[in-house]
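User: I am new to reading protein models. Please take one part of this one and walk me through it closely.

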Amino acid sequence: MPRLTARFWVDAYLARLRFQEIPGFVTAHGDDTAGAVLVKLNTLDGQAQSFHRSYDLMSGARKWIEHASGVEADVDAAIRRQQEFDPDLWVIEVEDRAGRHLLDEPGLE
């Protein structure tokens with residue numbers, strides 16, 4: 001199955017967030033073609049989660065899994081460590097008190 005470029009996926013994701021009136025921002029612009037994407041969910045209460053895509057080895061499907069969670073400063077530190085490891089990483093911050101990130105919706109895998 002052909003893969004979308006990172007830039008195309010990010011633009012589509014941000015559009016889907018806007019459609020649901022969920023603020024989302026690019027906080028780190030990665031490689032347009034092959035950069036990995038990390039999504040940070042800020043619930044605006046001092047807590048946060050981050051997610052990255054992984055492969056389900058049993059089915060071969062791509063899915064989003066938790067990268068870090070807890071106090072926002074700790075999640076930010078985990079994201080910075082990942083950025084040091086992968087300078088081509090995209091980071092998208094989603095702000096939603098209800099904890100919506102839409103990553104579990106069809107088409108975003």
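The part I would like to understand is the sheet, along with what packs on it.

Analyst: This is a predicted model, so every value below is computed from predicted coordinates. We start with the sheet and then move to the helices and side chains.

Five strands make up the sheet. Their order across it is β1-β5-β2-β3-β4. The sheet is open, and the pairing is mixed. Look at the two edges next. β1 (24-28) and β4 (62-71) each have a single partner strand, so one side of each has no neighbour in the sheet. From one strand to the next, the twist averages 25°.

Now take the pairings one by one. β2 covers residues 37-42, and β5 covers residues 90-95. These two strands run parallel and share six bridges. One of the residues to find here is valine 37, whose bridge partner in β5 is tryptophan 90.

On to β2 and β3. These strands run antiparallel and are joined by five bridges. Lysine 40 stands opposite serine 50 in β3. The two strands form a hairpin, with four residues between them. In that turn, leucine 44 has a positive phi of about 60°.

Next come β3 and β4. They too pair in the antiparallel sense, over nine bridges. Find histidine 52: its bridge partner in β4 is isoleucine 65. This hairpin has six residues between its strands. There, glycine 60 takes a positive phi near 80°.

What lies across the strands? Helix α1, residues 6-19, lies across β1, β2, β3 (47-55), β4 and β5. Its direction is at about 5° to β5. Helix α2, residues 72-85, also packs on the sheet. This helix touches β1, β2, β3, β4 and β5. The direction of α2 makes about 130° with that of β4.

Now zoom in on the aromatic rings. A pair of aromatic rings is described by the distance of the centres and the angle of the planes. A search of the whole structure finds two such pairs. In one of them, tryptophan 9 and tyrosine 13 are stacked. Their centres lie 4.9 Å apart, with 20° between the planes. Why are these two one helical turn apart, roughly? Because they sit four residues apart in helix α1, which corresponds to about one turn.

Are these two residues buried or exposed? Tryptophan 9 has 5% relative accessibility, so it counts as buried. Tyrosine 13 has 0%, so it counts as buried too. The cut-off behind both calls is under 20% relative accessible area.

The other pair joins tryptophan 9 to tryptophan 64. This pair is tilted: 5.4 Å centre to centre, with 35° between the planes. It links distant parts of the chain. Tryptophan 9 is in helix α1, tryptophan 64 is in strand β4, and 55 residues separate them. Tryptophan 64 has a relative accessible area of 14%, so it is buried. Put the rings together: Trp9, Tyr13 and Trp64 form one aromatic cluster. A charged residue joins the picture here. Arginine 53 lies over the face of tryptophan 9, at 5.0 Å from the ring centre.

Stay with helix α1 and find leucine 14. At 12% relative accessibility, leucine 14 counts as buried. What does leucine 14 contact, leaving aside its neighbours within four places in sequence? The list is Gly24, Phe25, Val26 and Ile92. Measure one of these by eye: valine 26 is twelve residues from leucine 14 in sequence. In space, the two are 8.7 Å apart, C-alpha to C-alpha.

Finish with a polar residue in the sheet. Glutamate 93 is in strand β5. At 13% relative accessibility, glutamate 93 counts as buried. Its side chain makes a polar contact with the side chain of asparagine 42, at 3.0 Å. Leaving aside neighbours within four places in sequence, glutamate 93 is in contact with Pro23, Gly24, Phe25, Thr27, Lys40, Asn42 and Glu72. You have met Lys40 already: it stands opposite serine 50 in β3.

Notes:
Residues are numbered from 1 along each chain as its sequence is written. This is a predicted model: local features need pLDDT of at least 70, side-chain atom pairs count only at pLDDT 80 or more; totals for chains, interfaces and linings use all residues. Side-chain values use heavy atoms; hydrogens and water are left out. Two strands pair if DSSP finds at least two bridges between them. Axes are lines fitted to C-alpha atoms, for helices over the stretch in contact, and angles run from 0 to 180 degrees between N-to-C directions. Contact means heavy atoms within 4.5 Å. Rings of Phe, Tyr and Trp (its six-membered ring) pair if their centres lie within 6.5 Å; planes under 30 degrees apart count as stacked, over 60 as edge-to-face and the rest as tilted. Buried means under 20% relative accessible area, exposed over 50%, partly exposed in between (1.4 Å probe, protein chains only). A charge sits over a ring if NZ of Lys or CZ of Arg is within 6 Å of the ring centre and within 35 degrees of the ring normal. A polar contact is a pair of N or O atoms within 3.5 Å; within protein, one must be able to donate a hydrogen and the other to accept it, and residues adjacent in sequence count only if both atoms are side-chain atoms.
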